[in-house]
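User: I would like to go through the terms used for this model and see what each one rests on.

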Amino acid sequence: MKRSIVLVGMMGAGKSAVGAELARRLGVPHLDTDAEIARAAAATIPEIFARDGEDFFRARETEVLGRVLRGPPAVVSTGGGAWMRPENRVLVAGAGVSVWLDCPLALLWHRVRHKPTRPLLQTQDPLGTLTRLLEERAPTYALAEVIIPVREGDSIETTASRVLEA
Ligand code: S3P
């Protein structure tokens, strides 16, 4: 594998789980930008958002992405907002193939509704927030080189196979 595979898409799309499966099959490292940021900060993502703010988190995200993409080819799972930043898209274009896990709203909501780990959904109306984020972000996610639809009932293995076929 010459280029890294960079998974992008909404929270709940399966970027971390599918990334781990892809890396296992390809025999390359799996790097998760959220996990790398949390490890470096010795704090959870909600703690970093609460303590340092989203701008701080986004700056760390760009640093981590740049660092992992300068390393040997890997499968990289990004946080849902990473692909929204033009400088991050430039980093990915230089070192990897971007893959959007395109997952419908209902399935995203089903997966994230009971998970307290997404600071952006800590609002009065988390479903409304998720809906708005997906609407705002979908046109930008669609700029990814490869688009893989993820539907209800698709297993991690099935989605990973689709990515490899593409
Ligand atoms: C975010 C998604 C999260 C995490 C942070 C912000 C976003 O990652 O990076 O909470 O902006 O959509 P996941 O997509 O892995 O949940």
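The exchange below takes up the sheet and then the ligand site.

Analyst: This is a predicted model, in which local features need pLDDT of at least 70, side-chain atom pairs count only at pLDDT 80 or more, and totals for chains, interfaces and linings use all residues. Residues are numbered from 1 along each chain as its sequence is written, and side-chain values use heavy atoms, with hydrogens and water left out.

User: Why are β1 and β4 called paired?

Analyst: Two strands pair if DSSP finds at least two bridges between them. Strands β1 (residues 4-8) and β4 (residues 96-102) run parallel and are joined by 5 bridges, so the pairing criterion of at least two is met. One of the residues involved is L7, whose bridge partner in β4 is V99.

User: What makes β2 and β5 edge strands?

Analyst: The open sheet has 5 strands in the order β2-β3-β1-β4-β5, with parallel pairing. β2 (30-32) and β5 (146-149) each have a single partner strand, so one side of each is left without a neighbour in the sheet.

User: How do you know that R58 makes a polar contact with the ligand?

Analyst: A polar contact is a pair of N or O atoms within 3.5 Å. An N or O atom in the side chain of R58 is 2.7 Å from an oxygen atom of the ligand, so the pair qualifies. The backbone of G80 also qualifies, with a polar atom 2.9 Å from a ligand oxygen, as does a backbone N or O atom of G81 at 3.3 Å.

Conventions: Helix = DSSP H or I, 4+ residues; strand = E, 2+ residues; numbered from the N terminus. Polar contact = N/O pair within 3.5 Å; in protein donor to acceptor, adjacent residues only side chain to side chain.
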